[in-house]
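I opened the notebook to record what I looked up in this model. Short entries follow, one topic at a time.

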Amino acid sequence: MPKAASDSQPGSDDGRGAHSGRSLDGGSPLAPQSGTWGSRAPAWARAFGWFGVAALIYVLVCAVSIISRGFSGLGSDAAHTMFAFAAHPAVGLSVGVLSTVLIQSSTTTTAIAVTAVGSGALPIQGAIPIILGANVGTTVTTSLVALTYIGDRTEFRRALGASTVHDFYNWLALLIFFPVELIWHPLERISGALTDALYGTDWLPNPAHFNFVRAATGPVESGVIHATSHISSALGPLFTIVIGAGLILVAVHFLGRLLKLLMVGRARDILIRAVGRNAYLAMVCGMGVTVVTQSSTITTSVLVPFAGTGILAPAQIYPVVAGSNLGTTFTVVFAAFAGVGPDAKIGLQAAFVHLVYNLLAIVVIYVLPFLRPVPLACAENMARIASGHRWVLAAYLGGAFIALPAAVIALVPLGFRRCRALSRHPGR
């Protein structure tokens with residue numbers, strides 16, 4: 001495996017990485033370790049916090065089951081109509097980007113797509129662009145964190161360089177794999193083969209056999225279904241889906257906030273030590289912390305202040321970003337186990353698409369040395385330009401994450417309808 005070392009790579013003594021493992025207590029404004037709630041709270045409060053984490057995970061699983069029941073209640077024709085607008089890959093990709101930007105959670109977007117596939121409402125081919133788009137949309141939050149340093153040009157440049165590594169890493173992965181997927185379908189094929197090999201075996205139990213999940217979520221699921229059953233047969237399932245999506249959003253939001261209180265001090269300490277030693281250890285650490293916090297945004301955003309003050313370099317944060325992308329996929333795989341019925345297997349395949357995509361992105365972009373410098377170079381150039389011309393960042397964030405996806409969603413379906421109309425009446 002090629003080494004990740006460079007002039008500013010983790011473990012190099014260039015004055016930046018050398019500080020990454022030291023204690024931050026010596027008067028640094030970034031010394032949160034001794035002042036976080038998690039380190040000062042009494043044992044009973046921390047125990048209550050972890051009880052809240054378990055409760056929110058339960059709500060997350062219930063929400064997935066509720067959405068699945070809602071799609072089932074719609075009927076196959078109505079369910080497919082809901083996602084007809086995303087039939088074109090470019091529209092699906094834009095839906096993934098824009099929805100993740102708006103709700104600030106790639107986990108929510110991906111979980112809804114996986115659940116829609118698992119209930120038969122969305123084909124796997126339609127879910128893949130949405131999942132890839134969600135992977136990109138989640139990066140905007142980290143870039144917004146860098147805006148807190150906009151008052152100091154040097155610190156802003158360093159913070160933005162570190163935060164937009166996440167952006168350009170995911171943009172590069174999208175540019176590589178999206179056209180390849182449209183032509184050869186490797187993500188669909190690999191995830192399908194993986195699901196076929198593991199589904200119903202001792203390695204990966206069949207989700208349909210998770211009777212304890214159904215038993216645990218049954219009361220909440222039945223309560224929501226009963227509450228919406230008094231509405232019309234058409235609107236009732238729609239309200240059920242909306243309630244389930246809202247519960248996912250609330251659960252993920254508060255789960256992230258609660259885990260940030262409980263874990264961010266320890267997670268930050270682990271990450272800082274790992275980043276200063278070895279790039280691949282940093283990658284593993286980023287993945288592990290993201291699995292625990294259920295949010296790649298928390299993992300990457302917590303390091304931006306260290307970059308802004310010069311304690312960490314963007315090159316040192318880069319492998320953490322790659323690892324956090326992989327770590328966030330396990331939440332969706334876990335959520336897929338809440339699916340039951342004849343399409344539960346294909347729903348699990350959709351979750352594996354997310355996992356395989358991010359794993360291949362690490363291999364192709366980070367492990368292969370000729371592509372590894374590209375996201376870092378793009379991020380540093382963006383930071384250099386935006387630090388002198390602040391409007392560039394606003395144009396980039398507004399254009400790439402909001403205006404362009406919205407335009408694709410609005411215009412591509414109109415173009416297709418126009419083309420179909422012309423094909424039927426060529427003389428017009």
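**Entry 1: Arg390 and the positive patch**

Does Arg390 count as buried, partly exposed or exposed, and at what relative accessibility? I am working on a predicted model, so I keep that in mind for every value below. Arg390 comes out at 34% relative accessibility, so I put it down as partly exposed. The cut-offs explain the label, because buried means under 20% and exposed means over 50%. I then looked up where Arg390 sits. Its place is the loop between helix H18 (373–388) and helix H19 (391–424). Arg390 also belongs to a positive surface patch. The other members of that patch are Arg153, Arg157 and Arg384.

**Entry 2: the salt bridge**

How many salt bridges does the structure hold? I found 1. The partners are Lys345 and Asp196, and their closest N and O atoms are 3.0 Å apart. Lys345 lies in helix H17 and Asp196 in helix H9 (residues 186–198), so the pair ties together parts that are 149 residues apart in sequence. I checked the exposure of Lys345 as well. Its relative accessibility is 32%, so I list Lys345 as partly exposed.

**Entry 3: helix H17 and Leu348**

Next I checked the length of H17. I count 24 residues there, and the helix reaches 34 Å from its first C-alpha to its last. That is close to the 34 Å expected at 1.5 Å a residue. Why do I call H17 largely enclosed by the rest of the structure? Because 18 of its 24 residues are buried. I picked Leu348 for a closer look; its place is in helix H17 (residues 344–367). Leu348 has 0% relative accessibility, so it counts as buried. I also looked up a contact far along the chain. Gly192 is 156 residues from Leu348 in sequence, yet their C-alpha atoms are 9.2 Å apart in space.

**Entry 4: helix H4**

I ran the span check on H4 (residues 89–103) too. With 15 residues at 1.5 Å a residue, helix H4 should span 21 Å. The end C-alpha atoms are 21 Å apart, so the expected span agrees. Which residues of H4 are buried? My list is Val91, Gly92, Leu93, Ser94, Val95, Gly96, Val97, Leu98, Thr100 and Val101.

**Entry 5: helix H11 and the nonpolar patch**

I looked for nonpolar side chains on the surface. Ile231, Leu235, Leu238, Phe239 and Ile243 form a patch there, with about 380 Å² of accessible area together. Phe239 is in helix H11 (residues 235–275). Its relative accessible area is 42%, so I note Phe239 as partly exposed. Arg257 is also placed in helix H11. At 52% relative accessibility, Arg257 counts as exposed, because the cut-off for that label is over 50%. I looked up the distance from Arg257 to Val53. The two are 204 residues apart along the chain, and their C-alpha atoms are separated by 9.9 Å.

**Entry 6: His185 and its phi**

Which sign does phi have at His185? It is positive, about 60°, although His185 is not a glycine. I noted this because most residues other than glycine have a negative phi. His185 lies in the loop between helix H8 (153–184) and H9. Its relative accessibility is 29%, so I enter His185 as partly exposed.

**Entry 7: two more pairs**

Gly161 lies in helix H8. I get 2% relative accessibility for Gly161, so it counts as buried. How far apart are Gly161 and Leu376, in sequence and in space? They are 215 residues apart in sequence and 7.9 Å apart in space, C-alpha to C-alpha.

The last residue I looked up is Val291, found in helix H12 (residues 279–293). Its relative accessible area is 33%, so Val291 is partly exposed. Gly327 is 36 residues from Val291 in sequence. In space, C-alpha to C-alpha, Val291 and Gly327 are 5.0 Å apart.

Conventions
Residues numbered from 1 in each chain as written. Predicted model: local features only at pLDDT ≥ 70, side-chain atom pairs only at ≥ 80, totals over all residues. Heavy atoms only, no water. Patch = residues over 30% accessible without salt bridge, like charges linked within 9 Å, V, L, I, M, F, W, Y side chains within 5 Å. Areas by Shrake-Rupley, 256 points an atom, 1.4 Å probe, with all protein chains shown as cover. Salt bridge = Lys/Arg side-chain N within 4 Å of Asp/Glu carboxyl O. Lys, Arg positive; Asp, Glu negative; His and termini not counted. Charge placed at Lys NZ, Arg CZ, Asp CG, Glu CD. Helix = DSSP H or I, 4+ residues; strand = E, 2+ residues; numbered from the N terminus. Buried < 20%, exposed > 50% of the residue type's maximum accessible area, 1.4 Å probe, protein only. Expected span 1.5 Å × (residues − 1).
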